[in-house]
Amino acid sequence: MTHTRRIAFIRPRTALLAAGFALLGLSLGVVPPAGAASGGSIALVAYSTPKPAYAALITAFNATAAGQGVTFSQSFGPSGTQATSVTEGLPADVVNFSLDPDMAKVVAAGLVAPTWDDGPTKGIVTDSIVSFIVRPGNPLHIKTWADLVKPGVQVITPNPFSSGSAKWNLMAAYGAQLALHKTPAQALAFLAALLKNTVAQPASASTALQTFLSGQGDVVLDYESDAIYAQDQNEPISIVTPPQTILIQNPIAVTTKAADPTAANAFVKYLLSAKGQTVWAEQGYRPVLPKIAARFDFPTPKKLFTIASLGGWTSVDTTFFTPVTGKVAAIEASLGQPDTSS
Amino acid sequence: MADVVLATTRRRPPLGQRVAAVAAGGSGPALAVTYLSLLVILPVAAVVTNAFSGGWHGFWLSVTNREALAALKLTLVCSVLVAVVNSIAGVAIAWVLVRDEFAGKRVVSAIIDLPFALPTIVAGLTLLTLYGPNSPFGVNVAGTRAGIVLALAFVTLPFCVRTVQPVLAELDKETEEAAASLGASHAGVLRRIVLPSIAPAMLAGAGLAFARAIGEYGSVVLISGNLPFKTEVASSYIFSLSQGGDLPGASAVSVVLIALALVLLLGIGFLRRRFNVTEAA
């Protein structure tokens, strides 16, 4: 710390600290049930980002006839951790993950019926897209994927081996190249260029945003819903919708071990209802019901593609995200090469 | 120190007497072993078992892939560096606290332990705010190895001060004065009188700091940037393995950390015994 250039008063960055405490609360996980009454209880286990949305949804659900007096125990955390916790015995009546492979883990453990995705929305409760979060006013004029790989642009995206959000981000980047009529090899080269410009790979989407808000990087790849939430919290950011991006689809299911299946099913039914979907939309999530989506003006990318168009999560997860041998692991390894001596 | 004096002068409450009686009666060791087993030995054994669930081959593959090696090397180098730097800084701080009188000394002494109280993720966030891109001092170590060392130094400092402080306080000033009166230089007194006495405590502090540093996660991940092969520490790599569902791999890398800590702590124990022997002779 010898190169001190200027001394200034330390301004308490209360917003940042508050966010830190929020993160802490998140890592502590379980929030005790609020207000006991007759009407059943539901143990909700979900990935971390929809925590504020669920606060609004549960209040709204409790105001409905089916939800009257239903109490909740809620646990939020990284999607992969939550899935593992549930398979290891964390009580769960309703599970909501960031992406299908985490639901697959729970299905494999026999805790969710294999028919979970038979419903009209195929088990998906919310949609979102991968967006760019940039500095206010977008000083670097970052508009397209190509802008991210320009020399000197500092990108932040979470570590794809620990974060579900990061997998969505990288598949958005990859799929966008295919949508631009590039070959798979060119799309992979783009991923390499993107990761070369990446200055931080925090463990989760929320820490990635924290890192960005603390001043590092020019752009962070994130869920659109997370970006909207940050903007609602008056964080100094601008949101850029890339011209080509992936449709994020978050799965939900009632477990086979649900203590009160009636209450759990009623809750999921509410989340998928027109009313529930409206609350989701108000919280920044894209509704899965087209008629509700039509009432909100979420930006429409020129080209929106799904994970299914890239082969589906099972195949993508193996091909790209297997540690050591996966395509993304190989890129990370090749980028690590020149720096190992220093 | 006040607590220690209190404990020896105060009469033991009846419950304490009863516990002492049970301990003297021979259940003490059994109690200690049971407690230690439940809290330390069993969890460590579970980690080791999990690490070898894929056999030796699986273990070897998990700990020798390039990303694991890079993370382990980075963690080891940073932790050793932090243990050495903090041992020296710890002695300096303990010296000031024991030998110097100044206003607010008690407050400063209390502040030393704050890194323990602060949740590590908050510590990480605070360090990133102070020494990141928006640093009010113009010091930006975000995304660098210096940032990792800084975070580790922050969380391990109390070990290095608190182990040395009581030993320094007990140190007989008259020996130093005698040496000085016999013509020993200031440096000579420090090297031949003070240092041998506090060396075991310094080593103990360094050992604790090292053991804590190699497993530290929360305070490091934010400021390090967590770039694989560059600034990804072992604990973070372990986290990503566990997220990816590779629990045996995560356990295998953890076993390497545990082994490193064990080797170092045993080595320090050996050195401490050597110092103590020299002292007695």
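Just after helix α4 of chain A, the residue A:Gly110 takes a positive phi of about 80°, a value that, like every other one in this report, belongs to a predicted model. Helix α4 spans residues 100-108 of chain A, and its buried residues are A:Asp100, A:Pro101, A:Asp102, A:Met103 and A:Val106. The cover over these buried residues includes α3, β3 (94-96), α6 (164-179), β9 (244-254) and α13 (313-321) of chain A.

Two other residues of chain A also have a positive phi, although neither A:Asn138 nor A:Val324 is a glycine. For A:Asn138 the angle is about 50°, and the residue is placed in the loop between β4 (124-134) and α5 (145-148) of chain A. A:Asn138 counts as partly exposed because it has 17 C-beta neighbours inside 10 Å. For A:Val324 the angle is about 70°, and the residue lies in the loop between α13 and α14 of chain A. With 16 other C-beta atoms within 10 Å, A:Val324 is therefore partly exposed.

**The two domains of chain A**

Chain A is divided into domain 1, made of residues 33-126 and 250-293, and domain 2, made of residues 128-247 and 301-337. The C-alpha centres of these two domains of chain A lie 26 Å apart, and 16 residues of domain 1 are in contact with 16 residues of domain 2. On the side of domain 1 of chain A that touches domain 2, α3 (79-87) and α4 (100-108) each supply at least two residues, and the largest share, 3 residues, comes from α4(A). The residues on that side of domain 1 of chain A divide into 6 nonpolar, 7 polar and 3 charged.

**Helix packing in chain A**

Helix α7 (residues 184-196) of chain A takes part in two helix packings, one with α14(A) and one with α6(A).

How far apart are the axes of α7(A) and α14(A), and at what angle do the helices pack? Helix α14 covers residues 327-336 of chain A, and the two helices pack at an angle of about 50° with their axes 10 Å apart, which means that α7(A) is oblique to α14(A). Their crossing is right-handed. The residues that meet are A:Leu188, A:Leu191, A:Ala192, A:Leu195 and A:Lys196 in α7(A), and A:Lys327, A:Val328, A:Ile331, A:Glu332 and A:Leu335 in α14(A). The residues of this contact of α7(A) with α14(A) divide into 7 nonpolar, no polar and 3 charged.

Helices α6(A) and α7(A) pack at an angle of about 140°, with their axes 8 Å apart, and are therefore oblique to each other. Here α6(A) passes α7(A) in a right-handed crossing. From α6(A) the contact takes A:Leu170, A:Ala173, A:Tyr174, A:Gln177 and A:Leu178, while α7(A) contributes A:Gln186, A:Ala187, A:Phe190, A:Leu191 and A:Leu194. The residues of the contact of α6(A) with α7(A) divide into 8 nonpolar, 2 polar and no charged. A:Leu191 of α7(A) thus appears in the contact with α14(A) and in the contact with α6(A). In an α-helix there are 3.6 residues a turn, so residues three or four places apart point the same way.

**Chain B and the chains in outline**

Chain B is divided into domain 1, residues 14-51, and domain 2, residues 55-280. The centres of these two domains of chain B, taken over C-alpha atoms, are separated by 28 Å, and the contact takes 5 residues from domain 1 and 8 residues from domain 2. On the side of domain 1 of chain B that touches domain 2, the residues divide into 4 nonpolar, 1 polar and no charged. Read along its sequence, chain B follows the pattern α-α-α-α-α-α-α-α-α-α-α-α-α.

The table sets out the two chains in outline.

| Chain | Helices and strands | Buried residues | Contacts between residues at least 6 apart in sequence |
|---|---|---|---|
| Chain A | 14 helices and 10 strands | 49% of the 342 residues | 74% join residues at least 24 apart |
| Chain B | 13 helices and 0 strands | 38% of the 281 residues | 78% join residues at least 24 apart |

Note on methods: Residues numbered from 1 in each chain as written. Chains lettered and ligands numbered in written order. Predicted model: local features only at pLDDT ≥ 70, side-chain atom pairs only at ≥ 80, totals over all residues. Axes fitted to C-alpha atoms, helices over the stretch in contact; angles between N-to-C directions. Helix = DSSP H or I, 4+ residues; strand = E, 2+ residues; numbered from the N terminus. Parallel < 35°, antiparallel > 145°, perpendicular 65-115°, else oblique. Left-handed = near helix turned anticlockwise from the far one by under 90°. Contact = placed C-beta atoms within 7 Å. Nonpolar A, V, L, I, M, F, W, Y, C, P; charged D, E, K, R; others polar. Buried ≥ 20, exposed ≤ 12 C-beta atoms within 10 Å, placed from the backbone. Domains from an automatic or database assignment.
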